[in-house]
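Work through the exercises below with the model open. Each task is followed by a solution in steps.

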Amino acid sequence: MKVNTNRRTLTFLSALLLGLLLVQCSSGKELGNVDPEEFDASALPPNSERKFKELFFDANKAKILGDRELAKTKFSEALGVNPGSGAVKFELARIHAEEGNYNSAIEYATDASRIEPENLWYLELLGQLYSEVGRLDESARIYRKILQAHPDEYDYYFHLAGLLAAQGKYADALKIYQELEDRIGPTEEVSTQRQLVYMEMGDYSNALLEIDKLISINPEEIRYRGMKAELYEKTNMPKEAIALYYEMLEMSPENGLVLLSIYEMSKKSGNDAEAFKFLNKAFLSKELNIDVKVNILLNMINSSSSKSESDQAIELGKSLELTHPQDAKAYAIQGDIFYNLGKAEESRKKFRQAVEIDPNRPPIWQQILTIDSQLNDFQSMEAESQAAMELFPEQAIFYLFNGIALLSQAKVADAITILSSGKNLVVDNDQLLAQITASLGDAYHEQQNNVKSDENYEQSLRLEPNNPVVLNNYAYYLANRGERLEKAEQMAKKANDLMPDEASFQDTYGWVLYKRSNFQNALFWIEEALKNGAGNDPVVLEHHGDVLHQLKRYPDAVRSWQAAIDSGADSEEILKKINSPSMGE
């Protein structure tokens, strides 16, 4: 982070890229808005003069309305009436330049300048066009001509010097800057541009002298010392740079950019403790923009790999909040820090504080709701998604969160209403639509409305055919109903292919195979589920017992069923299986 030197944008490198085809000139008159009354049409017959003016105005009207082709046609017709019109050729040059047809633009601009060789606007356009196509010598020649006629138009000195420097003609460029300084006296703009030329030449001593001139003119201006410190850094003089930064800090103890510069230099030198001390001071500085601080924290979040770095990010977040207590960003970035560290509760607290200050931030509401879901806090999820829906009634994502919260609390009818409303709001977002229709499939399943449940699952999979959760759930429900088992098997297998070693998916696949009387393979998949964390899942244990029963491994089946009861399964139903006459076969 460097101290802002307020460098003039018209550097010798950027001068080539200005593209000032529509600039305001120093007189305040817009370049190229030529009044047909200003040029001599007296040589034309009266009817031709009137026709010419009509075409010229029609062309300008089309240009203003953005109809470039019509403007070009009308200007060309006007040129047919008066082939010697520099104004028309100037306008055609501009249009061709806007289209990227620089060769034609240069021809028209050259003709316009021949017709009116002293016209400043025509010459400037021609100089810019030459520069645009890399004909820098010719561009420089035009700017010299402009300065001969208009020596007090100071911007053209910068144009010309920039062109010369870009060609490596550094001495000539410096001479132009000196001519300008002789006219207007020492200025920051001239000195800065001259410094850049010296830097390009590798003449760092003279570059430093230029900055020293500025400091001597205005010793209280801290920016000039910042420019000098930057130059020290670029020329591998870190001791001189850090000494100057400390001097600047004495002049402005709360200057956040200076504090950041010292932080960066301390970091480079390997003094991490000293670096963090100054970084924290920068975060406590009210002079440093909060966006700069937030960007630093974002970079830390993305690159943090140690506990000490994480602790530093947390401490900086606290400093940010202390310095900017009324800015939502100070809390939102802390929410990001805690979320990345897996501290969901702390993260949610900070995100909630952020929306208390500024509720009009949909991404932060989404973060809050995501954490609600991860914490299985469906009451909060319902209330907070409702608040978000009221703030952003056209954003379907909040209807999805609300519908899931309602469904998770067995408020099935309300969930269907909300999800259906959200579904109607989705525009050009297949992923979101797939999620909403999948949730509707879940809701209709709870209502035992198999037709609508299947319709929504099918729609969801058309939109997002590789969603393993939807594939798994749909397959499981079909298996329980004993319907379309071949399709169910295909979906269950695909879910496992997409997300291997997921216990619930493995159980579903095994259960579908069981329903298809493929008991040996069913046993394999259900036992894989047990190995992968489902050892205390009553549903999976019951399925395991059912498969073992079909394989006539009765004692093993009883053990699995008993384990299911111990894990919370419906004992009455399982006891019926244990006491079934088929167990004695």
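A nonpolar core is a set of buried Ala, Val, Leu, Ile, Met, Phe, Trp, Tyr and Cys residues joined through side-chain atoms within 4.5 Å. Buried means under 20% relative accessible area. The model is predicted.

**Exercise 1. The nonpolar cores**

Find which residues touch the most other members of the largest nonpolar core, and which helix gives the most to this core.

Solution.
- Step 1. The largest nonpolar core has 132 residues. Phe75, Val88, Leu279, Leu297, Leu320, Phe398 and Ile436 touch the most other members.
- Step 2. Go through the core by element. Helix H21 (residues 396-408) gives the most, with 9 residues.
- Step 3. Look for a separate set. A second core has 42 residues, including Leu513, Ala522, Ala529 and Ile565.
- Step 4. Take Leu297 and leave out residues up to four places away in sequence. Leu297 then touches Phe283, Ala313, Leu316, Gly317, Leu320, Ile333 and Ile337.

**Exercise 2. Helix H17**

Ile333 and Ile337 are contacts of Leu297. State whether these two residues of H17 are buried, and list the helices that the buried residues of H17 pack against.

Solution.
- Step 1. Check the length. H17 (residues 328-340) has 13 residues and reaches 19 Å from its first C-alpha to its last, close to the 18 Å expected at 1.5 Å a residue.
- Step 2. Read off burial. Ile333 and Ile337 are both buried, and the buried residues also include Tyr331, Gln334 and Phe338.
- Step 3. List the partners. The buried residues of H17 pack against H15 (290-303), H16 (307-323), H18 (344-357) and H19 (362-374).

**Exercise 3. Helix H21**

Test the span of H21 against 1.5 Å a residue, then describe how the helix is covered.

Solution.
- Step 1. The 13 residues of H21 should span 18 Å, and the end C-alpha atoms are 19 Å apart, so the two agree.
- Step 2. H21 is mostly covered, with 11 of its 13 residues buried. Among them are Phe398, Tyr399, Phe401 and Asn402.
- Step 3. These buried residues pack against H19, H20 (378-391), H22 (412-425) and H23.
- Step 4. Look just past the helix. Ala410 takes a positive phi of about 65°.

**Exercise 4. The second largest pocket**

Describe the lining of the second largest pocket by residue, element and class.

Solution.
- Step 1. The volume is about 330 Å³.
- Step 2. There are 15 lining residues, and Gln435, Ala438, Ser439, Asp442 and Val469 lie nearest the centre.
- Step 3. H21, H23 (430-446) and H25 (468-481) give two or more residues each. H23 gives the most, with 5.
- Step 4. By class, the lining has 7 nonpolar, 6 polar and 2 charged residues.

**Exercise 5. Helix H9 and the cavity**

Characterise H9, then find which helix gives the most to the lining of the largest cavity.

Solution.
- Step 1. The 14 residues of H9 (residues 188-201) should span 20 Å; the end C-alpha atoms are 20 Å apart, so the helix agrees with 1.5 Å a residue.
- Step 2. Of these residues, 11 are buried. They pack against H7 (155-166), H8 (170-184), H10 (204-217) and H11 (222-234).
- Step 3. Gly202 follows H9 and has a positive phi, near 80°.
- Step 4. The structure holds 1 cavity of 30 Å³ or more. The volume of the largest cavity is about 40 Å³.
- Step 5. Its lining includes Ser191, Arg194, Glu210 and Lys213. H9 and H10 each supply at least two residues, and H10 gives the most, with 4.
- Step 6. The lining divides into 3 nonpolar, 2 polar and 4 charged residues.

Methods: Residues are numbered from 1 along each chain as its sequence is written. This is a predicted model: local features need pLDDT of at least 70, side-chain atom pairs count only at pLDDT 80 or more; totals for chains, interfaces and linings use all residues. Side-chain values use heavy atoms; hydrogens and water are left out. The expected span of a helix is 1.5 Å times one less than its number of residues. Buried means under 20% relative accessible area, exposed over 50%, partly exposed in between (1.4 Å probe, protein chains only). Contact means heavy atoms within 4.5 Å. On a 1 Å grid over the protein atoms alone, a cavity is a set of points where a 1.4 Å probe fits but cannot get out, and a pocket is an open set with protein on both sides within 12 Å along at least five of seven lines; lining residues have an atom within 4 Å of a point. Grid points are joined across faces, edges and corners, and a volume is the space filled by probe spheres set on the points. Ala, Val, Leu, Ile, Met, Phe, Trp, Tyr, Cys and Pro count as nonpolar, Asp, Glu, Lys and Arg as charged, and the others, Gly among them, as polar.
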